[in-house]
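Hi everyone, thanks for coming. I'd like to walk you through one protein model today, so get comfortable and have a look at the screen.

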Amino acid sequence: MSHGDGYNEELSDLCTRLWDLDENRLVVDQHYRLDPQGRTFSRNKEDRADNPLFEWVHPSVFQRETYQAFVALLDNYEKGTGVPEEVTPQEERENWTFLNRIMATPVMKEVHSFLSSKGHVPSDVNGFLTRLYAMWFHLYSRTRGGARNPDSSGFEHVFVGETRASDVLGFHNWIQFYQQEKLGNVNYYGYIANRGQKLNDHLMSIQFSWKSDVKPVGSSFIGTSPEFEVALYTACFLASPESKTRLRIHDMNVEIICHKFNTRDGVHIGTSYPNVIR
């Protein structure tokens with residue numbers, strides 16, 4: 001249900017509950033600190049930030065169970081589209097470990113309760129996990145024309161990132177950004193915002209390059225847990241009738257973009273990410 005201003009009231013209420021239940025969300029200046037530096041624009045290719053975006057993230061963050069399981073997945077993928085993905089038995093075990101760990105959190109229990117009450121997912125936990133695995137981890141082809149190899153998945157696109165030619169696709173997760181920035185693979189160019197707009201330490205639009213490939217505009221939550229992002233994107237994917245869903249989460253106004261990818265074996269997440277409403 002949406003108000004006349006276009007915000008989805010029901011999903012706003014749900015996602016506000018998910019936000020409040022996110023015990024693993026980080027606290028600015030306690031767990032991490034950002035250095036936004038210069039403002040830039042999508043068509044600008046000049047680096048307006050001399051330093052990394054993240055000044056620091058406390059190492060203890062990555063000892064948390066869901067964070068550990070999430071980070072273990074980030075090296076399981078080929079960067080370029082068109083290169084077939086091969087899921088090893090070890091990688092499949094890591095996928096299931098991640099899903100089982102996030103399912104133990106209040107955030108995922110809440111989104112399961114909501115979605116099952118609406119008939120979008122099975123009411124039993126195993127059935128829900130099976131649906132999540134298919135949505136996020138089943139492979140499909142993102143290649144244009146020619147041989148269409150299984151080279152992508154919802155998880156890879158949203159959380160890890162991909163490249164095509166010189167473009168960065170997806171890559172909407174702060175943990176992956178931080179890890180790649182520490183390794184020297186990401187160069188932060190600056191933040192994107194209207195003049196005078198107050199920056200939000202938990203939601204930003206930025207420009208960056210990844211191993212020389214450029215992302216002119218990339219938006220992501222920052223400091224939120226892996227379980228929160230999976231829960232929110234899953235809720236919008238399954239329960240919103242729109243590809244663009246406007247949410248109010250406390251004082252944060254955000255638009256969730258969610259596109260579906262249809263294949264012979266079902267409907268998968270093509271992309272999902274937050275847009276800052278300016």
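**Pockets, core and salt bridges**

Okay, let's begin with the largest pocket, which has a volume of about 410 Å³. Before we go on, please keep in mind that this is a predicted model.

So who sits around that space? The largest pocket has 20 residues in its lining, and the ones nearest its centre are Lys 198, Leu 199, Asn 200, Asp 251 and Met 252. Two strands each bring at least two residues to this lining: S6, covering 203–210, and S9, covering 252–263. Which one gives the most? That would be S6, with three residues. If you sort the lining of the largest pocket by class, you get eleven nonpolar, six polar and three charged residues.

On to the second largest pocket, with a volume of about 240 Å³. Here 19 residues form the lining, and His 172, Lys 215, Val 217, Gly 218 and Tyr 273 are the closest to the centre. Three strands give two or more residues each to the lining of this second largest pocket: S4 (167–169), S7 (213–221) and S10 (266–276). Strand S7 gives the most, with six residues. By class, the second largest pocket is lined by eight nonpolar, eight polar and three charged residues.

Now let's go to the inside of the protein. In soluble globular proteins, nonpolar side chains tend to be buried together. In our model, the largest nonpolar core has 75 residues. Which of them touch the most other members? Those are Phe 54, Phe 98, Trp 136, Phe 155 and Leu 232. Helix H8, residues 226–239, supplies the largest share of this core, with nine residues.

Let me pick out Phe 155 for a moment. Which residues is Phe 155 in contact with, if we leave aside its neighbours within four places in sequence? The list is Phe 70, Leu 73, Tyr 77, Phe 98, Trp 136, Phe 137 and Val 160. Two names on that list, Phe 98 and Trp 136, also came up among the core residues that touch the most other members.

Last topic: salt bridges. How many does the structure hold? There are six, and I'll show you some of them.

Take Glu 110 and Arg 17, whose closest N and O atoms are 2.8 Å apart. This pair links distant parts of the chain, because Glu 110 belongs to helix H4 (residues 106–117) and Arg 17 to helix H1 (residues 9–21), with their positions 93 residues apart in sequence. Are these two buried or exposed? Glu 110 has 22% relative accessibility, so it counts as partly exposed. Arg 17 is partly exposed too, at 35%.

Next, Asp 29 and Arg 33 form a salt bridge, at 3.0 Å from N to O. With 48% relative accessibility, Asp 29 is partly exposed, and Arg 33, at 33%, is also partly exposed.

My final pair is Glu 255 and Arg 246, with 3.7 Å between the closest N and O atoms. Why does Glu 255 count as buried? Its relative accessible area is 15%, and buried means under 20%. Its partner Arg 246 is partly exposed, at 30% relative accessibility.

That's my tour, thanks for listening!

Terms used:
Residues numbered from 1 in each chain as written. Predicted model: local features only at pLDDT ≥ 70, side-chain atom pairs only at ≥ 80, totals over all residues. Heavy atoms only, no water. Salt bridge = Lys/Arg side-chain N within 4 Å of Asp/Glu carboxyl O. Helix = DSSP H or I, 4+ residues; strand = E, 2+ residues; numbered from the N terminus. Buried < 20%, exposed > 50% of the residue type's maximum accessible area, 1.4 Å probe, protein only. 1 Å grid on protein atoms, 1.4 Å probe; cavity = no way out; pocket = protein on both sides within 12 Å on 5 of 7 lines; lining within 4 Å. Points joined across faces, edges and corners; volume = space filled by probe spheres on them. Nonpolar A, V, L, I, M, F, W, Y, C, P; charged D, E, K, R; others polar. Core = buried A, V, L, I, M, F, W, Y, C linked by side-chain atoms within 4.5 Å. Contact = heavy atoms within 4.5 Å.
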